[in-house]
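Me: I would like to learn how to read a protein model feature by feature, taking the general idea before the particular case. Could you go through one with me?

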Amino acid sequence: MKRNFDRSEVSLNVGEIIRFTNEDEFLHQIYVESKDFSFDSDEKGPGEELDVEFPVPGHFTVRCGIHPRMGLDVSVEK
Ligand SMILES: [Cu+2]
C-alpha cells in the first residue's frame with residue numbers, strides 16, 4: 001500500500017530511460033505535462049512496466065492522474 005513513487009527525485013542524462021514498475025496493488029496512470037516534453041501512460045495495473053525516455057534536458061514532474069499527491073521530480077541533463 002504505497003500510492004507513491006519509490007523516490008521523490010531522480011537525475012539522468014538526455015536519452016536515458018526510467019523504467020516504472022507498478023509494485024502497488026492499485027492502478028496508476030502516470031504523465032508529464034510540459035511545453036518541452038509530455039507523455040501520458042494508459043492505466044497500468046499491478047506488475048505492469050512502462051519505459052519512459054526523456055529526450056530533452058530540463059526539469060519535469062511525473063504525476064499520477066489517479067493519485068494527485070504522487071510526484072517524481074526528474075532532472076534531465078544534456
Ligand atoms: Cu497512482
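**Reading the model, from rings to metal**

Reply: Let us begin with two side chains: F37 and F60 are both buried. Please keep in mind throughout that this is a predicted model.

Me: How are the rings of F37 and F60 placed relative to each other, and what is the pair called?

Reply: The general idea is to look at the distance between ring centres together with the angle between ring planes, where planes over 60 degrees apart count as edge-to-face. A search of the whole structure finds five aromatic pairs. In the pair of F37 and F60 the ring centres are 5.6 Å apart and the planes stand at 75°, so this pair is edge-to-face. The two residues come from distant parts of the chain, since F37 sits in the loop between β3 and β4 while F60 belongs to strand β6, 23 residues apart. Together with F39 and F54, the residues F37 and F60 make up one aromatic cluster.

Me: Which residues have the most contacts inside the largest nonpolar core?

Reply: In soluble globular proteins, nonpolar side chains tend to be buried together. Here the largest nonpolar core holds 19 residues, and those with the most contacts inside it are F20, I30, F39, F54, V62 and V74. At least two core residues come from each of β1 (9-13), β2 (17-21), β3 (30-32), β5 (49-53), β6 (58-64) and β7 (71-77).

Me: If I take V74 as an example, is it buried or exposed, and which residues does it touch?

Reply: V74, which lies in strand β7, has a relative accessible area of 1% and therefore counts as buried, the cut-off being under 20%. Leaving aside residues up to four places away in sequence, V74 touches V10, L12, I18, F54, G58, H59, F60 and V62. For a sense of distance, the C-alpha atoms of V74 and D36 are separated by 13 Å, with these positions 38 residues apart along the chain counted as their spacing.

Me: What is the order of the strands in the open sheet, and which strands form its edges?

Reply: A sheet is read by asking which strand lies beside which, and then in what sense they run. The open sheet of five strands has the order β1-β7-β6-β3-β4, with mixed pairing. Its edge strands are β1 and β4 (39-40), each of which pairs on one side only. Strands β6 and β7 run antiparallel and are joined by six bridges; they form a hairpin with six residues between them. Within this pairing T61 stands opposite D73, and H59 stands opposite S75. On the other side, β3 and β6 pair in the antiparallel sense over two bridges, with Y31 opposite R63.

Me: Which residues of β5 lie on its covered face, and which on its uncovered one?

Reply: In a regular strand the side chains alternate between the two faces of the sheet. In β5 the covered face carries L50 and V52, whereas E49, D51 and E53 are on the uncovered one. Five bridges join β5 to β2, and the two strands run antiparallel, with T21 of β2 standing opposite E49.

Me: Which residues donate to the copper ion, and why is the arrangement tetrahedral?

Reply: One first lists the donor atoms, and then examines the angles between them. The protein donors of the copper ion are H28 (ND1), C64 (SG), H67 (ND1) and M70 (SD), at 1.9 to 2.8 Å from it. The four donor atoms subtend angles of 91 to 133° around the ion, which makes the arrangement tetrahedral, because this class requires all angles to lie between 85 and 135 degrees. Along the sequence the donor residues follow the spacing H-x35-C-x2-H-x2-M.

Me: Are the donors C64 and H67 buried or exposed?

Reply: C64 has a relative accessibility of 2% and so counts as buried, and H67, at 12%, also counts as buried. H67 lies in the loop between β6 and β7, where it touches R3, F26, L27 and H28, not counting residues up to four places away in sequence.

Note on methods: Residues are numbered from 1 along each chain as its sequence is written. This is a predicted model: local features need pLDDT of at least 70, side-chain atom pairs count only at pLDDT 80 or more; totals for chains, interfaces and linings use all residues. Side-chain values use heavy atoms; hydrogens and water are left out. A nonpolar core is a set of buried Ala, Val, Leu, Ile, Met, Phe, Trp, Tyr and Cys residues joined through side-chain atoms within 4.5 Å. Buried means under 20% relative accessible area, exposed over 50%, partly exposed in between (1.4 Å probe, protein chains only). Helices (H or I, at least four residues) and strands (E, at least two) are DSSP runs, numbered from the N terminus. Contact means heavy atoms within 4.5 Å. Two strands pair if DSSP finds at least two bridges between them. Donors are N, O and S atoms within 2.8 Å of the metal (3.2 Å for Na, K and Ca); water is not among the atoms, so sites may look incomplete. Four donors count as tetrahedral if all angles lie between 85 and 135 degrees; four count as square planar and six as octahedral if opposite donors are over 155 degrees apart and all others between 65 and 115; anything else is irregular. Rings of Phe, Tyr and Trp (its six-membered ring) pair if their centres lie within 6.5 Å; planes under 30 degrees apart count as stacked, over 60 as edge-to-face and the rest as tilted.
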